[in-house]
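The following paragraphs lead through one protein model, moving from its helices to its strands and then to the loops that join them. Please keep the sequence and the structure in view while reading.

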Amino acid sequence: MTVDGKDTVRDAAGEPVGQSFGEPVGEAFAEQGYVVLRALFDADEIAALRGRFDALPAQGPRPGLFEPDPDAADPLRRWPRVMHPHRFDPLARGVLLDARLRGVLRALLGEEPLAAQSMFYFKPPGARGQALHQDNFYLRVEPGTCVAAWLACEPIDRDNGGLEVVPGTHRMDLFCPEEADPEVSFAREYVPPPPGLAPVPVDLSPGDVLFFNGSLVHGSGPNRTADRFRRSFICHYVGESARSIGRFYDALTMDDGTAVELAESAGAGPCGTEFTAAGPH
């Protein structure tokens, strides 16, 4: 659901967050499990973010966070996702803790958010997607769930592997995944849409942010273009009432990034179990 119009979301200091919305953003989110805020970040901010990550391969690997293989046949090995860039890059940390995101998240969570993770996806031409899944299957936030803020860094549509979401699944428990098709998904887990529910495509422009519930089933198909990347910056958040989370994740205040100690949840994983081999890739 895209929200625009009258109601204003404000940041922690009470200042308006960029734009106004036609119905309370929290109500839209509760109804569908997701909401899109258009042009929350401007063109200059997106250009800076893209430039920072496009320059990253030339700086060498970041062990455990970003380890590209320039000679790999699989485009996702040449341009792998960047895990937790906020741990080494000030710009990424600034986006993770951005006051505009914080203001929206307070409306969605009904409480102060804590920052848990950042990622950057390049998704180059020819890259596989990620089969339908639920984020809290990996984060294991307890009690409650996580919320994702998915920032588009260029035009994102069906051709270059845009996201699909399954409204209604945000009200359901975590599913036991099946195994995905390695020809179209880099991750093993696949959650089929429950009977009566169907994926809905979400096309985005640069600067748009898609917020969605951690139980919402979502995923993406391959990038079928010959010359278009699908760059995106993804953050995960939890409410301050959370008591545990997987060991792969942080819990940072949105004020200044101070670490908050949470118990370790069992069964967590790093946002998708990658296939070790995938046919022609």
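Helices (H or I, at least four residues) and strands (E, at least two) are DSSP runs, numbered from the N terminus. With these names, Ala39 can be placed in the loop between β3 and α2. The model is a predicted one.

A suitable place to begin is helix α1, which comprises residues 25–32. Which residues of α1 are buried? They are Val25, Ala28, Phe29 and Gln32. Around the helix axis these residues cover an arc of only 100 degrees, which puts them on the same side of α1. For Val25, the relative accessibility is 5%, and the cut-off for a buried residue is under 20%; Val25 therefore counts as buried. Glu27 also belongs to α1, but it is exposed, with a relative accessible area of 53%. Just after the helix, Gly33 takes a positive phi of about 90 degrees. Two distances place α1 in the wider model. Val25 and Asp181 are separated by 156 residues in sequence and by 35 Å in space, C-alpha to C-alpha. Glu27 and Leu151 are 124 residues apart in sequence, and their C-alpha atoms are 21 Å apart.

Helix α2 allows a simple check of its geometry. It has 12 residues, 43–54, and at 1.5 Å a residue it should span 16 Å; the C-alpha atoms at its ends are 16 Å apart, which agrees. The buried residues in α2 are Ile46, Leu49 and Phe53. Seen down the helix axis, the buried residues fall within an arc of 65 degrees, so they line one face of α2. What do these buried residues pack against? Their partners are β4 (82–83), α4 (90–96), β5 (113–121), β7 (147–152) and β14 (232–239). On the other side of α2, Ala43 and Asp44 are exposed. The N-terminal end of the helix is capped by Asp42, a side-chain oxygen of which lies 3.1 Å from the backbone nitrogen of Asp44.

The strands come next. In general, the strands of a sheet pair through backbone hydrogen bonds, and the pairing is either parallel or antiparallel. In this model, four strands form an open sheet in the order β6-β13-β8-β11, with antiparallel pairing. At the edges stand β6 (130–133) and β11 (200–202), each with a single partner strand, so one side of each is left without a neighbour in the sheet. On average, neighbouring strands of this sheet are turned by 20 degrees against each other, direction ignored. Within the sheet, β8 (residues 163–166) and β13 (residues 217–220) pair in the antiparallel sense over four bridges. One of the pairs at this junction is that of Leu163 with its bridge partner Ser220 in β13.

Strand β12 deserves separate attention. Is β12 mostly covered or mostly open? It is mostly covered, since five of its five residues are buried. Val209, Phe211 and Asn213 point one way from the strand, whereas Leu210 and Phe212 point the other way, and all are buried. Strand β3 (residues 34–37) pairs with β12 in the antiparallel sense over four bridges, and here Val36 stands opposite Leu210. Strand β7 also runs antiparallel to β12, joined to it by five bridges, and here Trp150 stands opposite Leu210.

The loop between β11 and β12 (209–213) contains Asp208. At 3% relative accessibility, Asp208 counts as buried. Its contacts, leaving aside residues up to four places away in sequence, are Val36, Leu37, Arg38, Ala39, Trp150, Leu151 and Ala152. A polar contact of 2.7 Å joins the side chains of Asp208 and Arg38. A polar atom of the Asp208 side chain also lies 2.8 Å from the backbone nitrogen of Ala39.

This leads back to Ala39. The residue is exposed, with a relative accessible area of 53%, and its phi is near 55 degrees, a positive value in a residue other than glycine. Arg140, in the loop between α6 and β7, likewise has a phi near 55 degrees. How exposed is Arg140? It is partly exposed, with a relative accessible area of 21%. Pro143 lies in the loop between α6 (136–139) and β7, and the peptide bond from Glu142 to Pro143 is cis, with omega near -15 degrees.

Key
Residues numbered from 1 in each chain as written. Predicted model: local features only at pLDDT ≥ 70, side-chain atom pairs only at ≥ 80, totals over all residues. Heavy atoms only, no water. Expected span 1.5 Å × (residues − 1). Buried < 20%, exposed > 50% of the residue type's maximum accessible area, 1.4 Å probe, protein only. Arc of directions from axis to C-beta. Contact = heavy atoms within 4.5 Å. Polar contact = N/O pair within 3.5 Å; in protein donor to acceptor, adjacent residues only side chain to side chain. Pairing = 2+ DSSP bridges. Axes fitted to C-alpha atoms, helices over the stretch in contact; angles between N-to-C directions.
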